[in-house]
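Work through the exercises below with the model open. Each one gives a task, then a solution in steps.

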Amino acid sequence: MSTKEISNIILKKSSGGRLSSHEIQLFVKDLSTENYVTKAQIGALLMAIYLKGIDVDETSFLTDAMISSGSRLSWDPNWKDCLVDKHSTGGIGDKISLVLAPALAACGMKVPMMSGRSLGHTGGTLNKLESIPGFSVNQSKENCRRILNDVGCCIMSQTIDLAPADKILYQSRDQTNTVSEMGLITGSIISKKGVEGINGLILDVKYGKAAFMTTEEKAKQLAERMVETSCKLGIKTRAVLTKMDNPLGKMASNGTLEIIESVQCLKGNGPKDIMELVTHQGAHLLLMMNKVESLEEGLKRMQGSINDGTALKKLQEMMVAQGVENTIAHQLCQSEDTWQMFTEQNRTAKYITEFKADKDGYVQAIDALCCGKVIVKLGAMEVKEVEDYGIGMEFCVTVGDSVSKGQTWVKVHHNNCSDRELTDFSEEIQSALTIGCDKVSEGDLKRIKEVIISKLS
């Protein structure tokens, strides 16, 4: 390989040509060493892709090359038909992973879930788990195998030797403003799932005010690209399109509040929208992996793992396996008061300020983006003291509920400011709530709008 060959690859793509698997492999293979590929050439190829686009085959070649740029996780061959995971494009109050992983483990699946940290106004699964005293998201491959063998699920951070090319490309995408290209998004997401050694994947692709893809059309295009790419790489994959105009569930935070709601879900007390996504995503995975004969049977299996307490037990076991003391894990999962452990560990916010509805009617909307921005401004994404894990919003009503004037609709959990000082955000918070005269239809309350299945299936 030579610098000239790299230049020819860039010229071919910038002229609208279609890159071969060999050409993409050549380019990606040298990213980390920079023997031939320069930073300028990385930016040039990314811009050529951004302007000319890449098709599904090119996306698959790129994804495979990024997977091959580092090591992969390997598992017991007997787990082949059980290894599954999910990915969400993010949203306010999105705690699905925290409920889904243990529920799938309770159904006999193996879930090596590599999750991310907070990004922008979206909370991160890893940040939320770290609000539990002692929980370690940094696990060696050996520990992960042990946890999957003993428990069935492990939620961890990505290690530096997994898909290292993705990190290099993402940094350049950010610098060259090419992050939004559909093929590049797909390659980044699917490569991080491909290194997990999984055989089944469910994608939760969100659209709406607080989603990365604001329109349903764009979200569907991304979902279709990710499903086809993943399937071409040998991973059985489906996607659900879900709305992200309103927060998911009744808790939104980057820590304590969402852990509390996740435990409540596993105790059978979860909000309808959370449980809709958990049971349906799990059911699709069970169906894809031939563990059930129908989606209906899968839904029953998932709900059954929650009803009989086995899913909650798996969460407790995972906590202990990942560093949490037995007494703390037991108290969080088995105590009648889900808040007690966090209160005793000073991981709840210092202040709670209530906001009231200003008229009678029905809740038409709760602006998720507005709520996410407020949570960021209150300091939830930068934990300086353990109390900061407790920052967030606790919604006392949800879309479709009837409300009366003067009724509390949200409790804002915050630190380092009094109720008086919080008035700086009061107008912004109050504007998130929309009340109208008409009831909201049942159809509009459902989160899942469409299921995307591969044409290769």
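Buried area is the accessible area, taken with a 1.4 Å probe, that two parts lose on being put together, summed over both. The model used here is predicted.

**Exercise 1. The domain contact**

Task: Find how much area domain 2 and domain 3 bury between them, and how many residues each gives to the contact.

Solution.
1. Set the bounds. The chain is divided into domain 1 (3-53), domain 2 (77-332) and domain 3 (343-442).
2. Place the pair. Between the C-alpha centres of domain 2 and domain 3 there are 26 Å.
3. Count the residues. Domain 2 supplies 28 residues to the contact, and domain 3 supplies 27 residues.
4. Take the area. About 2,000 Å² is buried between domain 2 and domain 3, with 59% of it on carbon and sulfur atoms.

**Exercise 2. The open sheet**

Task: Give the strand order of the open sheet and say which strands stand at its edges.

Solution.
1. Read the order. The sheet has 4 strands, ordered 6-9-11-7, and their pairing is antiparallel.
2. Find the edges. Strand 6 (251-253) and strand 7 (351-356) each have a single partner strand, so one side of each lacks a neighbour in the sheet.
3. Check the turn. On average, neighbouring strands of this sheet are turned by 15 degrees against each other, direction ignored.
4. Look at one pair. Strand 6 and strand 9 (residues 392-395) run antiparallel and are joined by 3 bridges. Ala 252 is opposite Met 393 in strand 9.
5. Add the helices. Helix 11 (residues 256-269) packs on the sheet and touches strand 6, strand 9 and strand 11 (408-414). The direction of helix 11 makes about 145 degrees with that of strand 6. Helix 17 (residues 368-377) lies across strand 6 and strand 9, at about 140 degrees to strand 9.

**Exercise 3. Asp 273**

Task: Is Asp 273 buried or exposed? Locate the residue and list its contacts.

Solution.
1. Locate it. Asp 273 is in helix 12 (residues 272-288).
2. Apply the cut-off. Buried means under 20% relative accessible area. Asp 273 has 10%, so Asp 273 is buried.
3. List the contacts. Leaving out residues up to four places away in sequence, Asp 273 touches Pro 247, Leu 248, Gly 249 and Arg 447.

**Exercise 4. The annotated stretch**

Task: Describe the secondary structure of residues 83-312.

Solution.
1. Take the record. An unreviewed UniProt entry places "domain: Glycosyl transferase family" at residues 83-312.
2. Read the content. Over residues 83-312 the chain is 50% helix and 14% strand.
3. Compare the ends. The end C-alpha atoms of residues 83-312 are 20 Å apart.

How values were computed
Residues are numbered from 1 along each chain as its sequence is written. This is a predicted model: local features need pLDDT of at least 70, side-chain atom pairs count only at pLDDT 80 or more; totals for chains, interfaces and linings use all residues. Side-chain values use heavy atoms; hydrogens and water are left out. UniProt positions are given in the numbering used here, feature names are shortened, and annotations may be inferred rather than shown by experiment. Helices (H or I, at least four residues) and strands (E, at least two) are DSSP runs, numbered from the N terminus. Buried means under 20% relative accessible area, exposed over 50%, partly exposed in between (1.4 Å probe, protein chains only). Contact means heavy atoms within 4.5 Å. Two strands pair if DSSP finds at least two bridges between them. Axes are lines fitted to C-alpha atoms, for helices over the stretch in contact, and angles run from 0 to 180 degrees between N-to-C directions. Domain bounds come from an automatic or database domain assignment.
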